[in-house]
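Here's a friendly walk through a protein model. Take a look at the sequence and the 3D view, then read on.

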Amino acid sequence: MATMVDVARRAGVSVATVSHVLNETRPVRPATRDAVRAAIDELGYTHNTLARSLVTSRTHSIGLAVSAISNPYFTEILQGVESSALERGYSLLIADPHDDPEHELKAVRLLHERRVDGVIVAPSARPDALLGHLGRYGIPAVFLDRLVDAGHDQVCAENEEPVARLVGHLAESGHTRIGLVAGLPGLSTTTERVAGYRAGLARAALPYDPGLIVGGNSHAEGAEAATHRLLGLPEPPTALVTGNNTMTIGALGALRAAGLAVPGDIALAGFDDFSWADLFEPRLTAIAQPGRDIGATALRLLLDRLAEPDRAPRTVRLPCTFVHRSSCGCGN
């Protein structure tokens, strides 16, 4: 088995230089670094990461705590974090907090016990215990998708303006009663998307009717029940906006159960695009979030925080894309 001494001899450098390249403990000239990397590849040398962590107090591992990893949106975020982490020599440990404050705290504690260098978290609607734990132990953290406070690094998509655009698009198609299946209360995404819904109504000079907003709790079953409630109104909506992709699926189930055709009987547009949305009949009009970019940005923010612990916190918002298909009732 090749050793660090073998790598140094093959690259024509000192063992100390090889160590600096592997541990990133001192700048090394690009040509020298390339020679060391080439020697490592030729000899098949495997670095002892445990030994490195004992020297540097770093494990080069990152914890990621996001709920509903099976959700296509969070899968894209995971891919963005993982690919960026691997490019920078970091491994990834993943935990599912189940959107529950108690599980959330347990998940982050578990990651902390595994000595990750920092954590990336999609926080729950009640993250007080999480924030207390992070602060108590000084754990470097970045929040993604849902904003918590300005005292931490955070990254998310734009929420308000894209929903306002969906509402405006439906209004332009002649709809005056537009319902909203909203997400879990307490999440910043829910608050901002409701605000976008109201802004879209105001721009279209449509009255705000609080009875047209029903909570779907960010999952399919809740959205199905919410849609049935909206359909049961004395004057039901002629168009629906759904607050995320899983709620779009729930709403479609309720509409199908009610015998309603989309968009013939009711128009539908949702927040969150997903890979098979173009394969539905009808094809789904949706807002596409930059999931991979959100994940990659979260990783970059965390590594910046590790490099400069005292830097000012940053909040980054990334733009979304309006994907126009046929479920809104005006063709493509």
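Is Asp153 buried or exposed? With a relative accessible area of 2%, Asp153 is buried, because anything under 20% falls in that class. Keep in mind that what you're looking at is a predicted model.

Asp153 has a partner, too: Asp153 and Arg305 form a salt bridge, and their closest N and O atoms are 2.8 Å apart. This pair joins distant parts of the chain, since Asp153 sits in strand 5 (residues 153–157) and Arg305 in helix 12 (residues 291–307), 152 residues apart. Arg305 is buried as well, at a relative accessible area of 12%.

Stay on helix 12 for another pair. Asp304 and Arg314 meet through their side chains in a salt bridge, at 2.8 Å from N to O. Asp304 is in helix 12 while Arg314 is in the loop between helix 12 and strand 11 (315–318), so this bridge ties together parts that are 10 residues apart in sequence. Here both ends are partly exposed: Asp304 has a relative accessible area of 22%, and Arg314 has 24%.

For one more pair, find Glu87 and Arg88, whose salt bridge has its closest N and O atoms 3.7 Å apart. Glu87 counts as exposed because its relative accessibility is 65%, whereas Arg88, at 36%, counts as partly exposed. The structure holds 13 salt bridges, and Asp99, Asp145 and Arg146 are linked in a network of them.

Now for the empty spaces. Rolling a probe the size of a water molecule over the atoms shows where such space is left. The largest pocket has a volume of about 440 Å³. Of the 29 residues lining that pocket, the closest to its centre are Asp99, Arg146, Ser218, Asn244 and Thr246. You've just met Asp99 and Arg146 in the salt-bridge network.

Which parts of the chain build the lining? Helix 5 (72–87), strand 6 (178–182), helix 9 (188–203) and helix 11 (245–257) each give at least two residues to the largest pocket, with the largest share, four residues, coming from helix 9. By type, the lining of this pocket splits into 10 nonpolar, 14 polar and five charged residues.

Helix 9 is also home to Thr189. Thr189 counts as buried because its relative accessibility is 6%. Leaving aside residues up to four places away in sequence, Thr189 touches Asp145, Arg146 and Asn159.

There's a closed space to find as well: the structure holds one cavity of 30 Å³ or more, and the largest cavity has a volume of about 30 Å³. Its lining includes Thr248, Gly270, Phe274 and Leu284, and the lining residues divide into four nonpolar, three polar and two charged.

Next, move to Leu105 in helix 6 (residues 101–113). At 14% relative accessibility, Leu105 counts as buried. It touches Ala129, Leu130 and His133, again not counting residues up to four places away in sequence. Ala251, on the other hand, is 146 residues from Leu105 along the chain, and their C-alpha atoms are separated by 32 Å.

Finally, zoom out. The protein chain has 12 helices and 12 strands, and its C-alpha trace spans about 80 × 40 × 35 Å along its principal axes. Of the 332 residues in the chain, 48% are buried. The accessible surface comes to about 15,300 Å², and 52% of that belongs to carbon and sulfur atoms.

Note on methods
Residues numbered from 1 in each chain as written. Predicted model: local features only at pLDDT ≥ 70, side-chain atom pairs only at ≥ 80, totals over all residues. Heavy atoms only, no water. 1 Å grid on protein atoms, 1.4 Å probe; cavity = no way out; pocket = protein on both sides within 12 Å on 5 of 7 lines; lining within 4 Å. Points joined across faces, edges and corners; volume = space filled by probe spheres on them. Nonpolar A, V, L, I, M, F, W, Y, C, P; charged D, E, K, R; others polar. Buried < 20%, exposed > 50% of the residue type's maximum accessible area, 1.4 Å probe, protein only. Contact = heavy atoms within 4.5 Å. Areas by Shrake-Rupley, 256 points an atom, 1.4 Å probe, with all protein chains shown as cover. Salt bridge = Lys/Arg side-chain N within 4 Å of Asp/Glu carboxyl O.
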